[in-house]
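Please open the model in your viewer and keep the sequence panel beside it, so that each selection below can be followed in both. The tour moves from one selection to the next and says what is to be found at each stop.

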Amino acid sequence: MEIKFKVRISQLVCLLGSVLLLLEAARQISLGLTVTALLLAVGGTLLLIVSLAHELFAISWFRVLVMLSIALIMSTLVLLAPEQHLMWLWGFPVLLLYPRPRWLAPTCAAIGLVTTWLALKPLGNDWLSLGIGIAATLMALGAIGGRRQRHVWHQLERRGRRDPNRAIWSQYQLMRDLPREITRADREGVHIELILLSPVTPGRLARRRLMNTLDSAAMAHETRYILDCNCSAVLLVTRAERMASLRRRQLIEHLAMQVRARIQPLNNADINALDLTRISANLAQEREVITHLPPLPYRAEPQDVASNLEADN
């Protein structure tokens, strides 16, 4: 996924941009323009943080902070010295291309249009009308492109890793993995089950602690997932059901926090009958520490389907 979506290239672009801004800030300091230099230094520092810790840009509040800060910095630079920094007006349509909350698009567009109006007003009505028209058109195109990117962004958030620093995957990825893992487990004659875990104590800190301890407690081959805000899951594959019971208790004890668990056996199961929303609902209020769910309906083998068709005929 990192190669497919060009994360490293994006980081390199941000790094080059930060270097250019910091060099320009140093040049402005040598000219005695301290306010301009400070703004350029802040913008360069933000780009440097994004390039070195690119996963932070996936956090909504950090993304909003960066985009608002960049919009205000560009606006201030243009208003301080339009003859030097008028080119930053191009940055507002580009800024609208990035995935962002709905309210942020009109906010950045308003900042850009007001900045354009104030910067071009001294040039006369003709230049002002032309500049406002071009800026509004580009921002409209940027907003349309950003809306499409926002849809793609939400689709991608459902896929792949939910945590960029750890091998914790999404529910979408779980549903892609299950058919393959169930087939492999049945072929090799091993036991496979899905363990759903939820902290008894509600709150974001408890969920974060569960993810941290689960990441350290699970073995490399025990894939971890996040199903929703309150429930995590582990795909456990062992040689026999007795070994799974032992490993399951070891895993829960290693978490060192109060959790509730539901166990869904998966051997030869029909994956279409698995309702993750239902089996994960109200897990934190479960009376038992470990609850064993009934097996899913058996998966129909090709020879069974052929036999049933012959019987019907």
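Begin by selecting Glu181, Arg184 and Glu188, which are linked in a network of salt bridges; bear in mind throughout that this is a predicted model. Within this network, Glu188 pairs with Arg184, and the closest N and O atoms of the two are 3.5 Å apart. Both Glu188 and Arg184 belong to helix H8, where they are four residues apart, about one turn of the helix. Glu188 is partly exposed, its relative accessible area being 45%, and Arg184 is likewise partly exposed, at 29%.

Stay on helix H8 (residues 171–188) and select Arg180 together with Asp177, whose side chains meet in a salt bridge of 2.8 Å, N to O. These two residues are three apart in the helix, again about one turn. Is each partner buried or exposed? Arg180 counts as partly exposed, with 49% relative accessibility, whereas Asp177 has 8% and therefore counts as buried, the limit being under 20%.

The next residue to pick on helix H8 is Thr183, which is partly exposed with a relative accessible area of 35%. Add Asn267 to the selection and draw a C-alpha to C-alpha distance: Thr183 and Asn267 are 84 residues apart in sequence, and in space they are 8.4 Å apart.

From there, move to Asn268, in the loop between strand E6 (259–265) and helix H11 (276–280). Asn268 has a positive phi of about 55° although it is not a glycine. Most residues other than glycine have a negative phi. Asn268 is partly exposed, at 23% relative accessible area. Then select Asn282, in the loop between H11 and strand E7 (290–292), where a positive phi of about 55° is found on another residue that is not a glycine. With 58% relative accessibility, Asn282 counts as exposed, because exposed residues are those over 50%.

Now turn to the second largest pocket, which holds about 300 Å³ of space. Which residues of its lining should be displayed to find the centre? Of the 15 lining residues, Leu89, Trp90, Leu120, Gly131 and Ile134 lie nearest the centre of this pocket. Helix H6 (104–120) and helix H7 (125–157) are the elements that give two or more residues to the lining, and H7 gives the most, with seven residues. Colouring the lining by residue class will show 13 nonpolar residues, two polar ones and no charged ones.

Next, select Leu12, Leu15, Leu16, Val19, Leu20, Leu23 and Leu52, which form a nonpolar patch on the surface with about 690 Å² of accessible area together. Helix H1 (residues 7–30) gives the most to this patch, with six residues, while Leu52 lies in helix H2 (residues 34–52). Leu52 counts as exposed, with 64% relative accessibility.

Remain on helix H1 for the last selection, Glu24 and Arg27, which are three residues apart and so separated by about one helical turn. Glu24 forms a salt bridge with Arg27, and their closest N and O atoms are 2.8 Å apart. Glu24 is partly exposed, with 23% relative accessible area, and Arg27 also counts as partly exposed, at 43%. To place these pairs in context, a search of the whole structure finds seven salt bridges.

Methods:
Residues numbered from 1 in each chain as written. Predicted model: local features only at pLDDT ≥ 70, side-chain atom pairs only at ≥ 80, totals over all residues. Heavy atoms only, no water. Patch = residues over 30% accessible without salt bridge, like charges linked within 9 Å, V, L, I, M, F, W, Y side chains within 5 Å. Areas by Shrake-Rupley, 256 points an atom, 1.4 Å probe, with all protein chains shown as cover. Salt bridge = Lys/Arg side-chain N within 4 Å of Asp/Glu carboxyl O. Buried < 20%, exposed > 50% of the residue type's maximum accessible area, 1.4 Å probe, protein only. 1 Å grid on protein atoms, 1.4 Å probe; cavity = no way out; pocket = protein on both sides within 12 Å on 5 of 7 lines; lining within 4 Å. Points joined across faces, edges and corners; volume = space filled by probe spheres on them. Nonpolar A, V, L, I, M, F, W, Y, C, P; charged D, E, K, R; others polar.
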